[in-house]
Every structure is written in structure tokens, then in C-alpha cells.
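Open the model in your viewer and keep the selection tool at hand. This tour goes stop by stop: select, look, move on.

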Amino acid sequence: MSASASNTKFQSIKGFYDILPEATPLWFKLEDTARRVLAQYGYNNIRMPLVEPTELFVRSVGEHTDIVEKEMYAWEDALNGDKLTLRPEGTAGCVRAVVEHSLTYNGPQRLWYMGPMFRHENVQKGRQRQFHQIGVEAFGFDGPDVDAEQIVMLARLWQSLGIQDVELQINSIGDANERAAYRQTLIQYFEQHADLLDEDAKRRLHTNPLRILDSKNPRMQAMCEAAPKLMDCLGEASQQHFNQLCQLLTQAGIAFTVNHRLVRGLDYYNRTVFEWVTTKLGAQGTIAGGGRYDTLVERLGGQPTPACGFGIGLERVFLLMQEYGVTANNAPDIYLVNVGEHAEKHAFHMAEQLRNDGLNVVLHAGGGSFKSQMKKADRSGARYAAILGDDEALAGEISIKPLLSTGEQKRCKLKEVRTFLI
């Protein structure tokens with residue numbers, strides 16, 4: 001190996017990025033707030049593998065979706081020939097786990113998970129090849145009350161995170177037979193306007209025509225707006241489900257827009273579909289989306305089980321929190337400065353004692369003058385500097401100096417420190 005090759009500086013793969021320490025406090029705030037809100041509604045955490053059988057996503061997400069056709073990180077295992085895929089979304093894996101472990105045997109389940117997903121797609125603001133989601137799934141509930149619960153839960157999350165001006169869009173895509181009838185109507189309509197279809201729409205026309213409605217091509221917007229509406233093809237049961245959902249949201253004080261072009265991108269959805277969108281992030285305006293998928297559990301080998309769920313794009317929510325000036329930090333309570341031979345011998349033990357009292361303490365290491373240590377204490381963001389000199393160490397005491405506010409330095413016994421800080 002040449003010297004130049006051995007000194008190669010590696011960089012992360014395009015679309016895979018590092019979350020650096022300066023960003024993690026806001027990530028913690030986002031994740032911890034979500035955990036708290038989910039617990040308020042009785043959802044329990046489940047953790048699934050990052051790798052699943054490729055066929056799981058083909059059967060659930062749909063063979064003619066963008067995810068399966070061109071976005072999956074899929075390969076054949078050299079050890080045994082298994083066809084495997086890094087999960088592009090979480091619902092399929094969660095359903096697989098529910099079926100495999102018979103989780104609904106004793107009754108309905110409310111579940112949530114959090115972690116990375118993977119899609120080989122164009123990298124842009126709020127869109128990476130490794131991205132993070134919180135997924136929420138409810139199994140065994142067939143009424144619109146759970147649809148409404150999940151939407152209201154998201155509204156509570158946005159409020160708790162300090163996020164404003166997000167719009168709820170909802171629609172009903174009916175059941176399979178209703179969609180099949182609408183599909184033929186839609187194909188006929190688009191064939192009459194074939195000259196306006198772009199290449200992507202032409203490719204979808206006979207495999208996934210509903211996705212054409214979701215096109216962002218400006219040249220096709222008027223045509224898509226004028227297309228027949230799926231809502232007009234709904235049967236009585238689907239229409240009643242949607243009307244009751246609207247009533248529940250209105251009673252909860254949740255404003256919404258019925259978007260007849262909202263179909264979601266995955267094959268497993270039926271009846272309710274919804275998205276929370278913002279205008280603050282450009283083209284990547286959807287921060288959460290989901291709906292019902294009442295046939296997926298059976299399709300993946302389980303008993304017929306109604307289900308409803310959603311996913312939150314955490315990178316986009318993180319950007320939105322920054323947009324609204326939401327801040328967080330993980331600065332320590334105390335930066336422990338120690339100067340003097342006797343003080344250095346006792347500093348380690350004293351730091352442990354303070355941590356035993358529930359305080360977050362950074363112990364200065366590496367020596368240095370009192371002045372240089374205090375500069376580091378200031379830069380640490382700690383609320384207080386705890387100063388330990390030889391005199392304090394011999395007396396079993398410590399001096400506490402406020403760093404983020406005005407106040408006098410005070411010397412106290414070690415056991416009194418927590419009371420002083422409060």
C-alpha cells in the first residue's frame with residue numbers, strides 16, 4: 001500500500017450522514033417528547049430488525065411502487081442465497097412481527113417504533129438515503145375512532161414540540177373493490193389526456209394510476225385537479241367511516257382539508273389516508289403521513305385484522321423545529337475545576353459524590369492553571385463551576401460559582417451542593 005493510499009481521508013457515503021454532538025440535544029428533545037406523547041395514548045414500543053426478506057416489501061408495499069422498483073437497498077446474501085433488503089419503511093416489518101409472534105392473540109395492540117430507514121433516492125433538503133422515522137401502528141381496531149386518535153396524537157406532538165402552521169390533509173381511498181372501479185375510470189380519463197402525461201405518468205398509467213394524481217409536474221396540475229374523484233366511487237360503509245372521522249376531528253378542534261388527490265404512495269392503504277404538511281420545507285413538505293391498512297395483516301399470513309398507522313419523518317420535523325427557533329442543550333450542571341496537589345487527589349471522588357446526588361458533572365482533566373480551567377468551564381455551557389482548591393479539599397468543602405447568571409460565589413459542604421443549586 002502506498003503512503004498516499006494509507007493516508008486517505010474517508011468520508012461518509014452520499015445520503016448517509018453523521019449527527020454531530022451539537023445537534024443531538026435537539027434530537028433528544030424530539031425523541032423524548034414523542035415517547036412521552038405516545039405513552040399518554042397507551043402505545044408500547046417494539047423494535048424490529050433493520051434487514052428483512054425482500055419479498056416482505058414486494059408483497060406489502062407493492063411491486064409497482066417507486067420504493068420496490070428503484071429505491072430499495074436489496075441484495076442476495078452470499079452465505080445462503082437469501083434475498084434481503086434494508087428496510088425502506090417500518091409498517092411491513094411491524095406487521096411481520098405481529099403475525100410471527102401472534103401479538104394480537106389476546107386482543108388489540110397499540111405499537112410504536114423508532115429508527116433508521118433506507119431508500120436509494122435523490123438527496124435533498126429533508127431527504128436522505130438513510131433517514132429516521134417514528135412509526136405508530138394500531139392493530140385490531142376497525143372504527144374511525146383510532147384513525148382520529150392517531151391524528152389528534154400528532155396534533156398534540158406538534159404543539160409539544162413548538163411546531164406551528166402545519167396543515168392536516170385527509171382523504172378516503174375506499175376499499176379494494178371501490179378502488180378497482182375508480183382505477184378503470186381514472187385510466188380512461190388519463191388516456192383521453194395522454195398528450196399531457198409526462199414519462200413517469202405514462203409508466204404508471206396501467207400499473208399504479210392513482211399515483212399520477214400525486215404528480216408535482218406543473219404541466220399536469222390542472223388535468224389532475226379535474227380528474228374524477230375517488231370519493232364519488234365510495235360505497236356506503238366507506239363513506240360512513242370517513243364522515244364519522246370528520247365529525248370526530250371537528251369535535252376535537254382539529255382543522256383539516258379534504259384533499260381528493262391524496263392517495264399515499266404504498267399499495268397497502270385503504271379508506272382513511274392523511275398527511276400533515278408544512279410550507280416551510282419547500283418540496284419536502286410532508287412531515288407525517290399514514291392511514292388504514294385493513295388487509296395487510298392477512299396478506300402477510302395473519303388472521304384478518306383491521307389496522308391503522310402513520311410514520312413521522314424525523315429529519316423534516318428536526319428542520320421544522322429549527323425553523324421555529326426551538327432549542328435544547330445537554331450542558332452539564334457543574335464543571336469541576338481543581339487546582340492544587342491535594343485538590344487533584346480528591347477531585348475524582350468529589351465528582352462521583354456529586355453524581356450520586358443526581359447532578360451532571362464534567363471533571364476537568366489534564367491539569368492547567370485556574371484561569372485556563374475557568375475558560376473551559378465557561379465554554380462547557382455548565383450552569384455552575386465547582387471550584388476545588390487545596391483549602392476546600394482539606395475542609396471537605398467546595399466553592400460554587402454561577403456561570404450563566406449573576407450571583408455570588410459560595411463555599412459549602414459537599415452534601416449541601418444540590419440544595420444550593422436548586
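Start with a pair in the sheet. Select Gly115 and Gln133: Gln133, in β6, is the bridge partner of Gly115. Strands here are DSSP runs of E with at least two residues, helices are runs of H or I with at least four residues, and both are numbered from the N terminus.

Before moving on, note that this is a predicted model: local features need pLDDT of at least 70, side-chain atom pairs count only at pLDDT 80 or more, and totals for chains, interfaces and linings use all residues. Residues are numbered from 1 along each chain as its sequence is written, and side-chain values use heavy atoms, with hydrogens and water left out.

**Stop 1: around Gln133**

Stay on Gln133. It sits in strand β6, residues 130–139. Is Gln133 buried or exposed? Gln133 counts as buried, at 15% relative accessibility. The cut-offs are these: buried is under 20% relative accessible area, exposed is over 50%, and partly exposed is in between (1.4 Å probe, protein chains only).

Now show what Gln133 touches. Leaving out residues up to four places away in sequence, the list is Tyr113, Met114, Gly115, Met117, Ile312 and Leu314. Contact means heavy atoms within 4.5 Å.

**Stop 2: along the sheet**

Select strand β5, residues 109–118. Seven of its 10 residues are buried, so the strand is mostly covered. β5 pairs with β6 in the antiparallel sense, over 10 bridges. Two strands count as paired if DSSP finds at least two bridges between them.

Look at the partner β1 next. β1 and β5 run parallel and are joined by two bridges. Select Asn44 to see one position: Asn44 stands opposite Leu111 in β5.

Now zoom out. Which order do the strands follow? Eight strands form an open sheet, in the order β1-β5-β6-β11-β10-β9-β7-β8, with mixed pairing. The edge strands are β1 and β8 (257–258), and each pairs on one side only. While you look at the strands, remember a general point: in a regular strand the side chains alternate between the two faces of the sheet.

Go to β7 (residues 167–172) and β9 (residues 270–277). These strands run antiparallel, with six bridges between them. Select Glu167: its bridge partner in β9 is Val277.

**Stop 3: a charged network**

Select Glu52, Arg96 and Glu100. Salt bridges link these residues in a network. A salt bridge is a side-chain nitrogen of Lys or Arg within 4 Å of a carboxyl oxygen of Asp or Glu. By this rule the count comes to 16 salt bridges.

Take the links one by one. The Arg96 and Glu52 side chains meet at 2.7 Å, N to O. Arg96 lies in helix α5 (residues 91–100) and Glu52 in strand β2, so the pair ties together parts that are 44 residues apart in sequence. Both Arg96 and Glu52 are buried.

Arg96 also forms a salt bridge with Glu100, with the closest N and O atoms 3.0 Å apart. Arg96 and Glu100 both lie in helix α5, four residues apart, about one turn of the helix. Glu100 counts as exposed, at 53% relative accessibility.

**Stop 4: a pair in α8**

Select Asp200 and Arg204. Their side chains meet in a salt bridge of 3.1 Å, N to O. Both residues lie in helix α8 (residues 199–204), four residues apart, about one turn of the helix. Asp200 is partly exposed, with a relative accessible area of 30%. Arg204 is buried, with a relative accessible area of 7%.

**Stop 5: a charge without a salt bridge**

Select Arg179, in helix α7 (residues 176–192). What is the nearest side chain of opposite charge? It is Asp175, 5.8 Å away, and Arg179 is buried yet has no salt bridge. For charges, Lys and Arg count as positive and Asp and Glu as negative, while His and the chain ends are not counted. Beyond its neighbours within four places in sequence, Arg179 is in contact with residues including Ile173, Leu210 and Tyr269.

**Last stop: helix α12**

Select Leu319, in helix α12 (residues 314–323). Leu319 counts as partly exposed, at 23% relative accessibility. Add Lys280: Leu319 and Lys280 are 39 residues apart in sequence and 9.1 Å apart in space, C-alpha to C-alpha.
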